Amino acid sequence: MTSVQSDTTSQCSQQVLVATASDCNGRKGAAGQQMRLKKQLGLMEGVAIILGIIIGSGIFVSPKGVLREAGSIGLSLVVWGLCGFLSMLGALCYAELGTSILKSGSDYAYIGEAFGSLPSFLYLWDAVFIFVPTTNAIMGLTVANYLAKPLFPDCDPPDIALRLIAAACITGLTLLNCWSTRVTTQLQTLVMVTKLLALGLVIVGGCLAMSRGGVEMFDNMWEGTATDPGQVAVSFYSGIFSYAGWNYLNFMTEELNDPFTNLPRAIYISLPLVTVVYVLANVSYLAVLSPAAMLSSDAIAVTFSSRMFGYLSPIMPALISISTLGSLSCHIMTSSRLCFVGARNGHFPDCLSLVTINYLTPAPALAFLCILSLLCLSNSNIYSLIDYAAFVESMFILLAIASLLYLRYTRPDMPRPIKVSLAIPIIFLLICTFLVFLPLYVRPKEVGMGLLITACGVPVYLLCISWKDKPTWLVSSLHSLGYTSQKVFLGLKEDKEE
């Protein structure tokens, strides 16, 4: 099967831009460095990136969505535990894929390696236009909600204010990522401590509440349990959103030092830690708040802290805001590599595959995703965005795991530094199939729109990628767009790896 890396889909790809630094009179990047994204991520940075994305807005928002769909305290806690277990199974599969296919882009690279250009393009299409910008919008709106909630204790914050705060956060963090990858990853290590401190306060508060008799909520913990399989599957959507990010270090494989060692170790450290912390945090929420109180709050951790910590309660929204800002920054950094790699392979315009001369960052890809994220802020309903994004992600994670099984069958001699038991991807594939297809009749609008937008990528692929004899005016337009992008961002295409 032809690799997506060898896909020569854009005829003008080699003509539109000054291709590399070596084509520009030998010009190099800052301090004479090679024009490539640098390998500068170690194990600590890898753990910080995974924790940075996973522990963000989800655990402070999604408990409401999980409890609402699960119907009971008992099932909601089971869902949280199983979502952690499911994420760990998936992470093990991605550890094999990431060490066998040493390419940035995660699912995009793996689907392309196994199934070719069209399926990988459809993943890129959905990720760039649905999952990435909606997730950025969700995180931005969550930061805005936690920042504004203390100023409006008796009513909801104005919607326009939330959108403006979210837009400022997304734009500011995009600029930071354009400036320095090293500073961004160092910031993640600092923010990781803040995230664990915030959840630690929740867990300590819950322990104090239970020591004072706050366990009555667990007396009838299975009352009202949902029995409809589709509704149970939907409850997993919000839980999966809170664990989303366990595969995002794979987006930056090419920037990871010693990926054979650091990629799997970062996964093995992060996922068990997150699962334990998440389950304990939800038990703590329920020790202080009744199910009705949780369902009526859009800022669960703030409501929790106001009941537990009194005049010290403003500390919690501040910690959560910092935590979610860190997740947003990390998500912006990793997802930009997907857009960058897609453009490098000819699936998106060449102008998005540039690396800035001074900072060696993919600034055009970052700016493009920032614009899409700002457009997504026109919808401030966090829960519809969570359901929508989770369905799209689940659908393509299923395809990525299928690529592991397919490559095991078609390329049995492929080097695999890590090789998981065949039962793990099979179990994960079956569970993902359940989560993807059962909710079709429960949330037909969200699922239908996801499938429709995915299908819209097919004619785009045929017209923009497969069609070789493009009109002169189109080639000329791409030529102008490429050079304009080079001038605006002071960027060049990557040098080939030596």
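**Figure 1. Leu-82 and a nonpolar surface patch.** In this predicted model, Leu-82 counts as partly exposed at 39% relative accessibility, a class that lies between buried (under 20% relative accessible area) and exposed (over 50%), with a 1.4 Å probe and protein chains only. Leu-82 belongs to helix H3, where helices are DSSP runs of H or I with at least four residues, numbered from the N terminus. Together with Val-78, Phe-85 and Trp-222, Leu-82 makes a nonpolar surface patch of about 390 Å²; patch residues have over 30% relative accessible area and no salt bridge (a side-chain nitrogen of Lys or Arg within 4 Å of a carboxyl oxygen of Asp or Glu), and nonpolar side chains are joined within 5 Å. Areas come from the Shrake-Rupley method with a 1.4 Å probe.

**Figure 2. Ser-87 and its contacts.** Ser-87 also sits in helix H3, which covers residues 73–100, but Ser-87 is buried, with a relative accessible area of 5%. Leaving aside residues up to four places away in sequence, Ser-87 touches Tyr-243, Trp-246 and Leu-271, a contact being heavy atoms within 4.5 Å.

**Figure 3. Helix H8 and the glycine that follows.** Helix H8 (residues 229–243) has 15 residues and spans 21 Å from its first C-alpha to its last, close to the expected 21 Å, which is 1.5 Å times one less than its number of residues. Because 13 of its 15 residues are buried, H8 is largely enclosed by the rest of the structure. After H8 comes Gly-245, with a positive phi near 125°.

**Notes.** Residues are numbered from 1 along each chain as its sequence is written, and side-chain values use heavy atoms, without hydrogens and water. Local features need pLDDT of at least 70 and side-chain atom pairs count only at pLDDT 80 or more, whereas totals for chains, interfaces and linings use all residues.

Technical notes. Helix = DSSP H or I, 4+ residues; strand = E, 2+ residues; numbered from the N terminus. Patch = residues over 30% accessible without salt bridge, like charges linked within 9 Å, V, L, I, M, F, W, Y side chains within 5 Å.
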